[in-house]
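I opened a fresh notebook page for a structure I had not looked at before. These are my entries, in the order I looked things up.

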Amino acid sequence: MQKKKLILLGGISLLLILPLIYIKITVYPAPDFPEISPSALSREEINSTTFRYKNNWLRKNQYGNWESYIEGTPYERGIALGVLHKELIQSQETAFVGEIEKLLPSRVLRNVMQLGIGWFNRNLDQDIPEEYLQEIYMVSQSFSDEYAYVGPRFNRILNYHAAHDIGHMAQNMNLVACTAVAQWDFDSGKAEMVLGRNFDFYFGDEFAKDKIVLFVNPSEGYDFVSVTWGGFSGVVSGMNEKGLSVTLNALPSELPSKSATPVSIIAREVVQYAATIEEALAIISKYKVFVSESFTIASAIDQKAAVIEKTPEKTAIFYPQGKELIVANHFQSEEYRNSQLNLDHILDSESMPRFDRMKQLVGQDTAISVANTLNYIRDQKGVEGQDLGTGNPMAINQLLAHHAVIFEPVKKIAYISAAPFQENVFNAYDISSIANMAGLNPLDSPEVDSLRLDQDPFYAGEGFSDFLEYKKLKNDFLTLGKNDSPSQEFIEHWISTNPEYYEPYYILGEYYFRNKDFAQAKNHYEQALTKAIPYRNIKTQIKENLGKIK
């Protein structure tokens, strides 16, 4: 499976670069800004995890999340983000580049990928609004020179903003598989609206460690909160002071020939400037994208939620008939739901099983509450409660989320998970008071402690420790030397840590098949077929190999 990932990444890069291998990669022109005095970039260090720059600040809470307040013009915000988040920016780039090197150990393939993505994103700066270019450029000044071989700092940060979209292009690598649910009721005399989502964009455990809960008080637009990481100005999960939230889910896409506006930048404009679903639709409709994406919008003013589905060709909107909206990774709008691309994706992927399981959970307990939504997004079972093993992509909770959020748009409360995944506590924040955070002592938390959500009981139990052991043993197996072979004791222990998951049986079947031990390959392939397998191509491959063995 790892080998296929390498081939896919290399193939995408080669397709992009071969016709243009001799063309020099464009260096994006820098915005015309006045010179910054080094003395103007100094921050106050209150302690090793707490910093202040003018009215802006950064602090680390007791559960490991970073909390940060930023204000001002794009220029001022960019400076503050760079000054305060410098170490987080640099460690995030190290994690990002490290994961690429892990996926592509070959320097030749990495160079090809770099050239390919550089050409693919050659006009990226022209597709990003000037406001965000200014902010991003100022942040880029705090990037390290360690990765200058990848490209200039401004080039690198712009390309990192397209990484989410490029991850969607490579969906067969299973980098992106998010699930969201919204429920509301404004007819029973008590206005209620709750949205929960898992952001299952996985780029390694290190990448997910230092997430930032960012409170933004911009000179123009609405105050908002976003869950982000160092050096990232886009939005993937956010809510503003008007009670409008936006979250992103990947949709099936054809392979594009060039980049356009990154979807996270579009979502940023939505959360900063839209108060209603129609305003969000107007913003999303005016942009070109290079991957298909769904924008789940919940609006306190509209008293409902909708999903806006954006493709390189057009924009569609889907309003559910009832008072709940479930979003996975397939189209639901009239325009796209019966397209061949969507029908094939439903058959090939785990999107519909997650959608069906969420529908089942919501149907079993229709009460609208934060507690119920928390249970939904932590659920690890399949349809009808099937045991999928831990970490199965068919589960709503795949134990790989970069973050999870629960938003209450009417009450303007945001609950945001602390690592790991959605298993730890969810800190609660009042979004209506962001403007007041300018005067907050960074040593004081902006959290509403009384609303904090507890850890998942699974997190403290044997199930979670077994899952960590499973991941370690899987990595040990996948990194065996060419002349090494696993002992029977190792194999039995590995399987015992996650016996209902198809993956160890499949990986072992592939290993023995390559080494022509067909009896063992047949044994493990047949065991894999008794488990819940999320992808049709894996089932097909197993059956084809069993046919060859016979």
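What follows are my notes on one helix, some salt bridges, one asparagine and a set of aromatic rings.

**Entry 1: what I am looking at**

I am working from a predicted model, so I keep that in mind throughout.

**Entry 2: helix H12**

I started with H12, which runs over residues 351-364. Does its length agree with what 14 residues should span, or disagree? I took 1.5 Å a residue, which gives an expected span of 20 Å, and the end C-alpha atoms are 20 Å apart, so the two agree.

Next I asked which residues of H12 are buried. I found Ser351, Arg354, Phe355, Arg357, Met358, Gln360, Leu361 and Val362. Then I checked what these buried residues pack against. My list has two strands, S5 (179-185) and S14 (324-327), and two helices, H11 (340-348) and H13 (370-377).

**Entry 3: salt bridges**

How many salt bridges does a search of the whole structure find? I got 22. I looked at a few of them one by one.

- Arg337 and Glu334 meet through their side chains, with 2.7 Å from N to O. Arg337 is partly exposed at 34% relative accessibility, while Glu334 is exposed at 56%.
- Arg452 and Asp449 form a salt bridge at 3.4 Å, N to O. I noted Arg452 as partly exposed, at 23%, and Asp449 as partly exposed too, at 49%.
- Lys522 bridges to Glu526, and their closest N and O atoms are 2.9 Å apart. Both sit in helix H17 (residues 518-528), and because they are 4 residues apart there, about one helical turn separates them. Lys522 is partly exposed at 31%, and Glu526 is partly exposed at 35%.

I also came across a network of salt bridges that links Arg77, Glu131, Glu135 and Arg268.

**Entry 4: Asn397**

Where is Asn397 found? I traced it to the loop between H13 and strand S15 (403-408). Is Asn397 buried or exposed? It is buried, since its relative accessible area is 0%, and the cut-off for buried is under 20%.

I then followed the side chain of Asn397 and saw that it reaches the backbone oxygen of Arg378 at 3.1 Å. Leaving out neighbours within four places in sequence, I listed the contacts of Asn397 as Asn198, Ile377, Arg378, Asp379, Gln380, Gln422 and Glu423.

**Entry 5: aromatic rings**

I searched the whole structure for aromatic pairs and got 20. The rings of Tyr137 and Phe154 have centres 5.1 Å apart and planes at 85°, so I wrote the pair down as edge-to-face. Tyr137 belongs to helix H5 (residues 130-140) and Phe154 to helix H6 (residues 153-161), so this pair ties together parts 17 residues apart in sequence. Tyr137 and Phe154 are both buried.

Another edge-to-face pair is Tyr459 with Phe464, at 5.0 Å centre to centre and 80° between the planes. Here Tyr459 is partly exposed at 23% relative accessibility, whereas Phe464 is buried at 6%.

I also noted a cluster in which ring pairs link Tyr470, Phe477, Phe490, Trp494, Tyr501, Tyr502, Tyr506, Tyr511 and Tyr512.

**Entry 6: charges over rings**

Last, I looked for charges that sit over rings. Arg43 lies over the face of Phe51, 3.9 Å from the ring centre. I also saw the charged end of Lys304 over the ring of Tyr319, at 4.8 Å from its centre.

Notes: Residues numbered from 1 in each chain as written. Predicted model: local features only at pLDDT ≥ 70, side-chain atom pairs only at ≥ 80, totals over all residues. Heavy atoms only, no water. Expected span 1.5 Å × (residues − 1). Buried < 20%, exposed > 50% of the residue type's maximum accessible area, 1.4 Å probe, protein only. Contact = heavy atoms within 4.5 Å. Salt bridge = Lys/Arg side-chain N within 4 Å of Asp/Glu carboxyl O. Polar contact = N/O pair within 3.5 Å; in protein donor to acceptor, adjacent residues only side chain to side chain. Phe/Tyr/Trp six-rings, centres within 6.5 Å; stacked < 30°, edge-to-face > 60°. Lys NZ or Arg CZ within 6 Å of the ring centre and 35° of its normal.
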